[in-house]
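User: Please take a close look at one part of this structure for me, the place where two helices pack. Then carry on to whatever else stands out.

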Amino acid sequence: MPLTDITRDAVLQAIAEYDALGQDAFLRTHGFQRALSHDLVHNGRTYDSTAICGVAHKYATGRLLRASEFSGGAATVGRKLGALGFEVRSTPGIPWAWDELILACDLLARHGWTPLDTSRPEVIELSGILRRLPLHPRDRRPANFRSPSSVRLKMANIRNWREGNTNKKTNGSALDRDIHRAFVEAPERMHAAAKRIREGVLSGELAGLPPLEEAEEEVSALEGLLLARIHYARERSRGLRTRKIRQTRAQGRPIACEACGFDFAEAYGDRGDGYIEVHHIVPLHHIGESETRLEDLALLCANCHRMVHVSTPWLTVDRLSALVAEQRTNKA
Ligand SMILES: [Zn+2]
Ligand SMILES: [Zn+2]
């Protein structure tokens, strides 16, 4: 097998060269891409195991082993480096979150469902945006986190769900199938969501949002968790809520749930007086395009508000009212 000639000394020389050049220059010089699955760990630093092996071969035999001449991975590179006494750690990819899939599928669909090459500026830009999303803790990300190669691979995985696709199936997850379906069934909504997420990243708005509370993390939304966070941040704004309640009172309307009519003061007396939750009615893919207006807020009791958000798609207030009315009629 091609790796037989590599020695421990040769690997150490390759590591020294890697340290001297830095990762990018090392990979570029020798024609390697960032390894997607395995890191060599040496003196607390991580190295692309495949590239190290290729270059170590050069130190051992005088000839560089090109990426195309051997396969990286646990069975080859991992075993060889392990046998030479090195530590090889598999870098379990962090599963793609729905929000990330929205961005990848958006790019894929905008290019006729053909995965773009890793050298394309759109792919490099998307890789940068994915690294800025406040979704996965930075200290748990591998060096190649959401690299252009992994972006391309993800696009290929999604593309494989297209009907009539004859390309070889790559490993994909059920979420790849779901995101493909979402873009086929609601393209405008999904592209709009992608646009909003991008804007939120580039403006810094998403990075500044408070983390979701535990109960909210169960919330699912077709437009993803990040836009849902904006939704919740607006609903939690005390100022907006107070102004909405004041306006409702000024209009002579009761502070009661717009879906079921529940009135906290009626049920709980003074303790419940003036209590109500506000729900932001603007669809998620439009959220944040402008300042929230009081007309964008609906008054809901805590139960009804939870029912709106409990599953995808979120219900409109009208739909929820109809549902409550329907249940009441059924019972009567
Ligand atoms: Zn209610
Ligand atoms: Zn809400």
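Analyst: In this predicted model, helix α1 (residues 8-21) and helix α2 (residues 23-30) cross at roughly 120°, and their axes come within 6 Å. The crossing of α1 past α2 is right-handed. Which residues make the contact? From α1 come A14, E17, Y18 and L21, and from α2 come Q23, A25, F26, T29 and H30. Sort the residues of this contact by character: five are nonpolar, three are polar and one is charged. Why quote both an angle and a distance? Two packed helices are described by the angle between their axes and the distance between those axes.

Now turn to the metals. Start with the zinc ion (ligand 1). Its protein donors are the SG atoms of C257, C260, C301 and C304, and they lie 2.2 to 2.4 Å from the ion. The angles among the four donor atoms run from 105 to 116°, and the site is tetrahedral. Along the sequence, the donor residues follow the spacing C-x2-C-x40-C-x2-C. Look at C257 and C301, which are 44 residues apart and link distant parts of the chain. C257 sits in the loop between α12 (238-250) and α13 (264-268). C301 sits in the loop between β5 (297-300) and α14 (302-309). Are these two cysteines buried or exposed? C257 has 5% relative accessibility, so it counts as buried. C301 is buried too, because its relative accessible area is 4%.

The zinc ion (ligand 2) has another set of donors. H231 (NE2), H279 (ND1), H305 (NE2) and H309 (NE2) coordinate it, along with two OE atoms of E235, at 1.9 to 2.7 Å. Why is this arrangement irregular? The six donor atoms subtend angles of 53 to 157°, and that spread makes it so. In sequence, the donors are spaced H-x3-E-x43-H-x25-H-x3-H. E235 belongs to helix α11 (residues 225-236) and H305 to helix α14, so this pair ties together parts 70 residues apart in sequence. E235 and H305 are both buried.

Last, the backbone. Most residues other than glycine have a negative phi. N43 has a positive phi, near 50°. It lies in the loop between β1 (38-42) and β2 (45-48). N43 counts as exposed because its relative accessibility is 70%. R146 also has a positive phi, about 50°, and is not a glycine. Its place is the loop between α6 (121-132) and α7 (148-159). R146 has a relative accessible area of 5%, so it is buried.

Terms used. Residues are numbered from 1 along each chain as its sequence is written. Chains are lettered from A and ligands numbered from 1 in the order in which they are written. This is a predicted model: local features need pLDDT of at least 70, side-chain atom pairs count only at pLDDT 80 or more; totals for chains, interfaces and linings use all residues. Side-chain values use heavy atoms; hydrogens and water are left out. Donors are N, O and S atoms within 2.8 Å of the metal (3.2 Å for Na, K and Ca); water is not among the atoms, so sites may look incomplete. Four donors count as tetrahedral if all angles lie between 85 and 135 degrees; four count as square planar and six as octahedral if opposite donors are over 155 degrees apart and all others between 65 and 115; anything else is irregular. Helices (H or I, at least four residues) and strands (E, at least two) are DSSP runs, numbered from the N terminus. Buried means under 20% relative accessible area, exposed over 50%, partly exposed in between (1.4 Å probe, protein chains only). Axes are lines fitted to C-alpha atoms, for helices over the stretch in contact, and angles run from 0 to 180 degrees between N-to-C directions. A crossing is left-handed if the near helix is turned anticlockwise from the far one by less than a right angle, and right-handed if clockwise. Contact means heavy atoms within 4.5 Å. Ala, Val, Leu, Ile, Met, Phe, Trp, Tyr, Cys and Pro count as nonpolar, Asp, Glu, Lys and Arg as charged, and the others, Gly among them, as polar.
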